Amino acid sequence: MKAIQLIAHGAPGQFKYSDAPDPVPAANEAVVAVRACGLNRLDLWLEEGRLPIPVQLPRIPGSEISGVVLSAGSDVSDFHKGDRVAVQSNLFCGHCEFCARGEESICLHGQLLGVQRDGGFAERVVVPAAALVRLPAQVAFAASAALTLAGSTAMHMLTRRASVRPGDWVLVMGGASGVGSAAIQIARELGARVVTTGSSEAKRQFALGLGASHAVDSSKPGWPADVREITGKRGVDLVVEHIGGEVLEQCFTCLARGGTIVTCGATAGREARLKLWSFFVKEQKLVGSYGRSRKDIEAILDWAAQGKIKPAATQVFPLARTADAFAALRGRQVMGKVLVEPDVVPA
Ligand SMILES: [Zn+2]
């Protein structure tokens with residue numbers, strides 16, 4: 001099969017497009033013919049060697065996979081050749097204390113697909129069958145690959161790690177990002193009033209088009225005051241945060257009494273200071289959120305089938321040009337989603 005391997009870290013890293021051996025499934029695994037694979041910030045961290053976990057090169061990246069089952073091992077009974085599937089990217093053991101409670105996102109033996117084992121920037125990928133999720137007929141492969149990771153991350157944050165009541169004010173950081181654009185739509189569907197942020201006019205307009213009622217300019221140093229103004233000085237009930245560093249600290253300025261910040265990322269910094277006095281006096285919560293469980297993927301794909309959430313517009317690259325896809329995401333000029341599709345003929 002054709003595949004893209006990362007052979008050296010860097011920005012840009014070094015990729016090799018070549019023939020790799022066809023994967024063979026173990027008893028509990030399935031081989032999936034990749035139809036689309038989404039590109040995420042996680043892939044850039046892998047490329048640049050900035051992940052806080054050991055990575056062995058060469059590695060086929062790609063974690064947000066949709067495709068068709070080609071073959072399955074002898075112990076796999078619930079998936080068959082020809083089934084349309086999405087793949088859960090945070091692989092889990094299925095038998096630790098946390099998996100037993102259905103909390104696969106915090107599995108003790110979790111592995112990242114496309115980081116700790118070969119992923120989906122290839123014609124085929126082999127995965128544990130337990131990581132497969134059935135793709136509803138109404139959801140296209142591209143839509144699945146655009147929603148599975150960021151969409152389920154947002155679903156996990158808004159419905160399992162925090163909650164939204166109708167009428168709540170929700171602040172979604174970075175509304176043009178993958179997690180942000182999904183979070184805006186989920187919060188709206190749950191009845192919230194949504195404020196979002198964007199560093200450019202184009203990004204703010206994009207986020208408003210997804211259903212946010214206000215979009216503040218996050219390139220302005222005093223942007224949290226704008227959020228307070230919009231909510232009549234009250235502050236928001238929930239912040240969906242994924243940027244980290246000082247941005248997380250600023251989010252507390254936007255937060256109402258009794259409010260919650262749920263965070264799933266630290267692109268801008270892995271440390272933040274917390275003003276403890278106002279934190280406990282206002283009975284606020286800071287909640288971590290990591291990945292997703294199959295239930296979150298099933299939920300986001302079900303919502304997509306019902307038309308309750310739409311993937312952001314996509315930019316598609318053929319497999320041979322995966323390195324260009326990485327460059328497009330790194331350039332931060334992308335709105336919506338970058339996908340790689342093995343079927344697309346290189347221009
Ligand atoms: Zn586990």
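Author: Before any residue is placed, the elements need a definition: helices are DSSP runs of H or I with at least four residues, strands are DSSP runs of E with at least two, and both are numbered from the N terminus. The model is predicted, and on that footing Glu 283 belongs to the loop between α8 and β15 (285-288).

Reader: What is the value of phi of Glu 283, and is the residue buried or exposed?

Author: The general idea is that most residues other than glycine have a negative phi, and most peptide bonds are trans. Against that background, phi of Glu 283 is near 50°, a positive value in a residue that is not glycine. Glu 283 counts as exposed because its relative accessibility is 63%, above the limit of 50%. Lys 233 also has a positive phi, near 70°, and its place is the loop between α6 (223-230) and β13 (236-241). With a relative accessible area of 53%, Lys 233 is exposed, and its side chain meets that of Glu 229 in a salt bridge, with 3.1 Å from N to O.

Reader: Which peptide bonds are cis?

Author: Among them are two that lead into a proline: the bond from Ala 11 to Pro 12, with omega near 10°, and the bond from Leu 57 to Pro 58, with omega near 0°. Pro 12 sits in the loop between β1 (2-8) and β2 (14-19), whereas Pro 58 sits in the loop between α1 and β4 (64-72).

Reader: Which atoms coordinate the zinc ion, and how are the donors spaced along the chain?

Author: Ideal angles at a metal are 109.5 degrees for four tetrahedral donors. Here the zinc ion is held by the SG atoms of Cys 93, Cys 96, Cys 99 and Cys 107, at 2.3 to 2.4 Å, and along the chain these donors follow the spacing C-x2-C-x2-C-x7-C. The angles among the four donor atoms run from 102 to 117°, and the site is tetrahedral. As for the surroundings of two of the ligands, Cys 96 is buried, with a relative accessible area of 6%, while Cys 93 counts as partly exposed at 24%.

Reader: Which residue makes a polar contact with the side chain of Asn 90?

Author: The partner is Arg 292, and the contact between the two side chains is 2.7 Å. Asn 90 lies in strand β6 (residues 90-91) and is buried, because its relative accessibility of 5% falls under the 20% limit.

Reader: How many salt bridges does the count come to, and which residue pairs with Asp 296?

Author: The idea is a side-chain nitrogen of Lys or Arg within 4 Å of a carboxyl oxygen of Asp or Glu, and by this rule the model has 22 salt bridges. One of them joins Asp 296 to Arg 160, with the closest N and O atoms 3.1 Å apart. This pair links distant parts of the chain, since Asp 296 is in helix α9 (residues 294-305) and Arg 160 in helix α3 (residues 141-161), 136 residues apart. The two ends differ in their surroundings: Asp 296 is buried at 2% relative accessibility, whereas Arg 160 is partly exposed at 34%. Another salt bridge joins Asp 324 and Arg 321, at 2.8 Å from N to O; here Asp 324 is partly exposed at 35%, and Arg 321 is likewise partly exposed, at 33%.

Reader: Which residues are linked in a network of salt bridges?

Author: The network is made by Glu 47, Glu 48, Arg 50 and Arg 330. Glu 47 lies in helix α1 (residues 41-48) and is buried, with a relative accessible area of 1%. A polar atom of the Glu 47 side chain also lies 2.9 Å from the backbone nitrogen of Gly 13.

Reader: Which residues make the nonpolar surface patch, and where is Leu 274?

Author: The patch, of about 550 Å², is made by Leu 274, Leu 276, Trp 277, Phe 280 and Val 281. Leu 274 is placed in the loop between β14 (255-263) and α8 (276-281), and its relative accessibility of 37% makes it partly exposed. As a nonpolar residue outside this list, Val 247 lies in helix α7 (residues 245-253) and is buried at 19%; its C-alpha is 9.7 Å from that of Pro 224, and the two residues are 23 apart in sequence.

Definitions and conventions
Residues numbered from 1 in each chain as written. Predicted model: local features only at pLDDT ≥ 70, side-chain atom pairs only at ≥ 80, totals over all residues. Heavy atoms only, no water. Patch = residues over 30% accessible without salt bridge, like charges linked within 9 Å, V, L, I, M, F, W, Y side chains within 5 Å. Areas by Shrake-Rupley, 256 points an atom, 1.4 Å probe, with all protein chains shown as cover. Buried < 20%, exposed > 50% of the residue type's maximum accessible area, 1.4 Å probe, protein only. Donors = N, O, S within 2.8 Å, 3.2 Å for Na, K, Ca; no water. Tetrahedral: all angles 85-135°; square planar, octahedral: opposite > 155°, others 65-115°. Polar contact = N/O pair within 3.5 Å; in protein donor to acceptor, adjacent residues only side chain to side chain.
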